[in-house]
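This report introduces a protein structure to a reader who has not met it before. The sequence and the model are shown first, and a description of the architecture follows.

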Amino acid sequence: INKITWQMEKKMFLGAHPIIFENAKALRNNLTNAEIKLWGYLKTKPMGYKFRRQHPMSIFIADFYCHALKLIIEVDGNIHLKPDVKQHDEERQQSLQADGMTLIRFTNNAVLNQYETTVEQINNLLQKSSNPAITASKFPLQGAEGVL
């Protein structure tokens, strides 16, 4: 691996350990129904943006990641409503935001039952992507009950 490739991979994966890559590969082979549905859209490169699924980042695995925008999309089940899991999610989000990432979340229910709204909200965010200062707090995703 040459120096330029290594530097690019370090930025894209935030120095993820090989075990994180192994775990991500296992997750790619075991997507939830909501992840499968959303991946069906994101893999079409909406508005020209390439997304990756189950992408290793530091000690984390992002459900979906667009490197060009440093945008992470998470699709969460009901377990993410538990206080301890919610606290872990908040700490994870703060860590990733400190690395310059923007993170947005949808519930499984939103993706499965409000799919058009979910895709519309993602498209709205992608359209605003020409602004390098995009953040989840600047563009709160409203309307779908499933947005966390």
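The aromatic pair offers a convenient point of entry. Trp39 is buried, with a relative accessible area of 16%. The structure shown here is a predicted model, and a search of the whole of it finds 1 aromatic pair. The two rings, those of Trp39 and Phe64, have centres 6.0 Å apart and planes at 10°, so the pair is stacked. Trp39 belongs to helix 3 (residues 33-42) and Phe64 to strand 2 (residues 60-66), so the contact ties together parts that are 25 residues apart in sequence. Phe64 is buried as well, at a relative accessible area of 0%.

**Overall organisation**

The protein contains 6 helices and 4 strands. Along the sequence these elements follow the pattern α-α-α-β-β-β-α-β-α-α. The protein has 148 residues, of which 43% count as buried. Among contacts with a separation of 6 or more, 64% are made by residues 24 or more positions apart.

**The sheet**

The 4 strands form an open sheet in the order 1-2-3-4, with mixed pairing. Strand 1 (52-57) and strand 4 are the edge strands, each pairing on one side only. From one strand to the next, the twist averages 45°. Helix 4 (residues 83-98) packs on this sheet and touches strand 1, strand 2, strand 3 and strand 4. The direction of helix 4 makes about 150° with that of strand 4.

Two of the pairings are set out below.

| Strands | Sense | Bridges | Residues facing each other |
|---|---|---|---|
| Strand 2 and strand 3 | antiparallel | 3 bridges | Tyr65 and Ile72 |
| Strand 3 and strand 4 | parallel | 6 bridges | Leu71 and Thr102 |

Strand 2 and strand 3 form a hairpin with 4 residues between the strands, and in this hairpin Lys70 takes a positive phi near 55°. The connection onward is of another kind: the chain passes from strand 3 through helix 4 to strand 4, making a right-handed β-α-β crossover.

**Strand 3**

How many residues of strand 3 are buried? The count is 6 of the 6, so strand 3 is largely enclosed by the rest of the structure. Leu71, Ile73 and Val75 point one way from the strand, while Ile72, Glu74 and Asp76 point the other way. The residues of both groups are buried, Glu74 and Asp76 included.

**Helix 6**

Helix 6 (residues 115-127) has 13 residues. From its first C-alpha to its last it reaches 18 Å, close to the 18 Å expected at 1.5 Å a residue. Its buried residues are Tyr115, Thr118, Val119, Gln121, Ile122, Asn123, Leu125 and Leu126. An α-helix has 3.6 residues a turn, so residues three or four places apart point the same way. The buried residues of helix 6 include Tyr115, Thr118, Val119 and Ile122. What covers the buried residues of this helix includes helix 3, strand 3 (71-76), strand 4 (102-107) and helix 5 (108-113).

**Recurring elements**

Several elements appear in more than one of these descriptions. Helix 3 carries Trp39 of the stacked pair and is also among the elements that cover the buried residues of helix 6. Strand 3 pairs with strand 2 and with strand 4, is touched by helix 4, and helps to cover helix 6.

Note on methods:
Residues are numbered from 1 along each chain as its sequence is written. This is a predicted model: local features need pLDDT of at least 70, side-chain atom pairs count only at pLDDT 80 or more; totals for chains, interfaces and linings use all residues. Side-chain values use heavy atoms; hydrogens and water are left out. Rings of Phe, Tyr and Trp (its six-membered ring) pair if their centres lie within 6.5 Å; planes under 30 degrees apart count as stacked, over 60 as edge-to-face and the rest as tilted. Helices (H or I, at least four residues) and strands (E, at least two) are DSSP runs, numbered from the N terminus. Buried means under 20% relative accessible area, exposed over 50%, partly exposed in between (1.4 Å probe, protein chains only). The expected span of a helix is 1.5 Å times one less than its number of residues. Contact means heavy atoms within 4.5 Å. Two strands pair if DSSP finds at least two bridges between them. Axes are lines fitted to C-alpha atoms, for helices over the stretch in contact, and angles run from 0 to 180 degrees between N-to-C directions. A crossover is right-handed if, with the strands pointing away from the viewer, the path from the first strand over the helix to the second runs clockwise.
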